[in-house]
Amino acid sequence: MTVLQEILQWSQDRPAWQHEALRRLVLNGELADEDINALAEICKSGHGLAEQRDTVPLAKEHVPDQTAGAPVSLVSIFHHRGVNALAEDQTLKFGPGLTVVYGDNGAGKTGYIRILKSACRARGPEKILGNVVSGTTPLAPVVAIKYKVGAEPDPREWAGGNEDEFVSRVSVFDTQCAAVYLTEKTDVAFRPFGLDLFDKLVKACKAVRAKLESEQRALGANALTAVQTTIPEGTAVAKFLANVSSLTKPEAVQALARLSPEEEARLAFLEKSLLDLQANDPEKLIRQLTVRAGRVQALVRHLKEAEAALSDEALKAVFDARTEGRRKSEEAKRLREATFPQGLLQGTGTDAWTALWESARHFSQEQAYPDRPFPVVGNGAQCVLCQQDLGHAAAHRLKQFEDFVASTVERELRQIRDAFTRQRKAFADLKTTTEAVDETLKEIRIEHEAVADAISAALASNEKRRTAVLSALTEDKDLAADCAALVSVTAGAEELAAQINERIKTLRTSANDQTRKSMTAEAQELRARKSLAAHQQTVLDDIERRKKYAAYGLCIDDTKTQAITAKSTAVTKTVVSQKLKKSFQDELVNLSFRHVEVELKELGGADGVFYHKLVLTRAPGVELPKVVSEGEQRCLSIAAFFAELSTADDPSGIVFDDPVSSLDFQWRNGVARRLVQESKTRQVIVFTHDVVFLLSLRQYADELGVEPLDQHVRHQSKGAGVCAEELPWVALPVKKKIGYLNNCWQAADKLSRDGHQDAYEKEAKYLYGLLREAWERALEEVLLGGVVERYRPGVQTQQIAQIADINAEDCKVVEAAMTKCSAWLPGHDKAAAARAPVPAPAELKADIDTLASWVAAIRKRRARE
């Protein structure tokens, strides 16, 4: 199973936001700020802090084929200004295979290494300083690194600033890097394709976590502290608030904060009673309250009477009576028309006429004919109205009138009219408020303003209702639709009366301390609940804040990296660690390091990264640098570096800064051979000041068929780091030495032609010294065929056969040339008489050509053999 397949299977049990993160990382390589924001929202949605979002988890179709990245190789470093004491506008070039950058101590190599370490992968990056010893303010560094990615035809450029994902794949090994390998635990810098997803997922976890923690902090602190200061200690509310959490139900807060009307009344009673108990003369207070209770009871009776008179039932009764009277009146009219003959005066039988008839009845029974039934129509009877004798017709008509008036319809009509009149009079005479009521309300308002205001408002509203009813009755109209509804406050007045009576009772019976304490505690509990009601929204908001805070905590738990580290460790052990360990042991064999047993030991992981450390196999608790020498330390570090490179997917370039410091010739040659071998598969750049190591590199390059690029860094008047594409004189082969001499001769010849004789003679003597060294090099390289060479410990016995052709003439030419060159070496003082002129340019050129011809002749001769 590949790394990505392992990750795909493992990801199924990860939180939804990590599914999405892995998919984005696989498809895009990196996560932008927008991705982090989106992932944080997905994480929050999983715990109710944001709306649900559609996510696409990592799936098989998202997993790419396992391919290595294109290797990165350096092309050049351009130093414009500002790095250490490097000269301005210098370009250091690098070849695609082996590049050897030689320079003496202080020549400027370290400045270029620091530039590379600021851009490439290095175990210990360094800050680049300006030329702090120049006596002027250092300039800001301006550099550029050109590099190639794979087979791209045109190079890319890094000009400082942000990290470049490509140039950072080039690795640098130097003394600081060596120390890290020896003394610290190190991560696996190069990982198989896909293993870096763990690092990136950990980075995403940290970014999402930081965002979530910021939002969590923004929720603010506990808001209940201020509320708790208003709540009496020891009450149920205080205990409740002390235990509020994200699990507290809002209904519980609302229930505790809600006081019923009875509880409100009870609290008011307790507060009044507790004040009453503090009175200096309880008996006097009892008398005062008794008087007040009587007045309130009278007010209750008044309110009951007024509300009864203005009740919906009373209104219905009076308007029903009016309606019934109208109906009976119509019925009486029909009866009258049927009963009375034609020709009677108009209005006979009407209400006015009936009133007249009843007056006549009253006069007859009370004055004219007492104790005789009305109407009296017997012989000699007179009409009580006109006092004329009654004839037969008149008597008959009076009896008809009486029969009509005495009929059931007429009687009922009179009864209904009497009732309606009484009812209407009751509305007219009703007094909704009186002077006594007003005085009582003033007294109530002293302690119960709200109750007094409610009663006053009710009385005013009910007075409007009375006026509207009376107006409708008087004008014989229907009751207006906007007639005020009856407002009843009798219950409130009765409750007040009951409270006053209860206060009186309490004053008479609550003299002991225990009763007072009980009442005080009860009042405290009710006050606490009332205070909670005033801060109810604050408490509810804080519960909601706590819920969000807890939900953010769950979100933050989803960003923990332990599971990622555990999986990274397991996968790394499977696909990297064993390979890394074996590669390290192989590198030790390559470097002939056998006398101390050292191994790479696994040290576990953290934040998705798995670590290793170099330890002594037989003494793992002892620090390695305390046991091995400096040379051995450097050798072990190089082995660790190459072992680490073995885990890389792409063979990008590597840079070494003085890799053989503190190494003897044996390990120096081993390192040289290893570097040249590596240059056959990737770019290898070596900075060194060691001429022997330089020659060793060139020897192994010749043996392995590698063509190195030579770079020479020198310190000149314009600064350090002056670059030239050549080897130092001491390392040049004879062919290149002859070429160098010819170039120098041209400059000397020009001095002579320009008339600068003294300068020419000085240069000529210098060139004769170099020519002598060239003859010495030719002796080793050409005449002796490289069988023995300076700085090389071995003797090439397989080449000894070719020196059998050496003859006297060969030796004679060498001897003559060496003698002439020695004559012009500085330091040989000659007598004034023996002084000879310095050879002219033509003679100097002929001496150089003699060397070239001698070398060519021997090589041609041996080539034929």
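Which residue forms a salt bridge with Lys-44, and how far apart are the closest N and O atoms? The legends below take up this pair and several other sites in a predicted model.

**View 1. The salt bridge between Lys-44 and Glu-215.** The partner of Lys-44 is Glu-215, and the closest N and O atoms of the two side chains are 2.9 Å apart. This pair links distant parts of the chain, with Lys-44 in helix H3 (residues 33-45) and Glu-215 in helix H6, 171 residues apart. Lys-44 has a relative accessible area of 7% and is therefore buried, and Glu-215 is among the buried residues of H6. A search of the whole structure finds 44 salt bridges, and the pair shown here is one that joins separate helices.

**View 2. Helix H6 and its buried residues.** Helix H6 runs over residues 196-218, a stretch of 23 residues, and its first and last C-alpha atoms span 33 Å, close to the 33 Å expected at 1.5 Å a residue. Its buried residues include the nonpolar Leu-197, Phe-198, Leu-201 and Val-202, together with Cys-205, Glu-215 and Gln-216. Just after the helix, Gly-220 takes a positive phi of about 90°.

**View 3. Cys-205 in helix H6.** The structure holds 0 disulfides, and Cys-205 is accordingly in none, the nearest cysteine sulfur, that of Cys-43, being 9.0 Å away. Because its relative accessibility is 1%, Cys-205 counts as buried. Another cysteine, Cys-821, is also buried, with a relative accessible area of 2%.

**View 4. The salt bridge between Glu-447 and Arg-292.** Glu-447 forms a salt bridge with Arg-292, in which the closest N and O atoms are 3.1 Å apart. Glu-447 lies in helix H16 (residues 435-447) and Arg-292 in helix H11 (residues 282-309), so this pair ties together parts of the chain that are 155 residues apart in sequence. The two partners differ in exposure, since Glu-447 is partly exposed at a relative accessible area of 29%, whereas Arg-292 is buried at 16%.

**View 5. A salt bridge within helix H25.** Arg-753 and Asp-749 form a salt bridge whose closest N and O atoms are 2.9 Å apart. Both residues lie in helix H25 (residues 734-753), 4 residues apart, which corresponds to about one turn of the helix. Arg-753 counts as exposed, at 58% relative accessibility, while Asp-749 is buried, with a relative accessible area of 15%.

**View 6. A network of salt bridges.** Four residues, Glu-20, Arg-23, Arg-24 and Asp-35, are linked with one another in a network of salt bridges. As a general point, side chains of opposite charge can pair when their charged atoms come close.

**View 7. A nonpolar patch on the surface.** Leu-129, Val-132 and Val-133 make a nonpolar surface patch of about 320 Å². Val-133, one of these residues, is found in the loop between strand S4 (121-122) and strand S5 (142-149), and it counts as exposed because its relative accessibility is 73%.

**View 8. Thr-248 in a loop between helices.** Thr-248 is placed in the loop between helix H8 (236-242) and helix H9 (250-257), where its side chain reaches the backbone nitrogen of Ser-245 at 2.9 Å. Although it belongs to a loop, Thr-248 counts as buried, because its relative accessibility is 12%.

Methods. Residues are numbered from 1 along each chain as its sequence is written. This is a predicted model: local features need pLDDT of at least 70, side-chain atom pairs count only at pLDDT 80 or more; totals for chains, interfaces and linings use all residues. Side-chain values use heavy atoms; hydrogens and water are left out. A disulfide is a pair of cysteine sulfur atoms within 2.5 Å. Buried means under 20% relative accessible area, exposed over 50%, partly exposed in between (1.4 Å probe, protein chains only). Patches are made of residues with over 30% relative accessible area and no salt bridge: like charges are joined within 9 Å, nonpolar side chains (Val, Leu, Ile, Met, Phe, Trp, Tyr) within 5 Å. Accessible areas come from the Shrake-Rupley method with a 1.4 Å probe; for residues, only the protein chains shown count as cover. Helices (H or I, at least four residues) and strands (E, at least two) are DSSP runs, numbered from the N terminus. The expected span of a helix is 1.5 Å times one less than its number of residues. A polar contact is a pair of N or O atoms within 3.5 Å; within protein, one must be able to donate a hydrogen and the other to accept it, and residues adjacent in sequence count only if both atoms are side-chain atoms.
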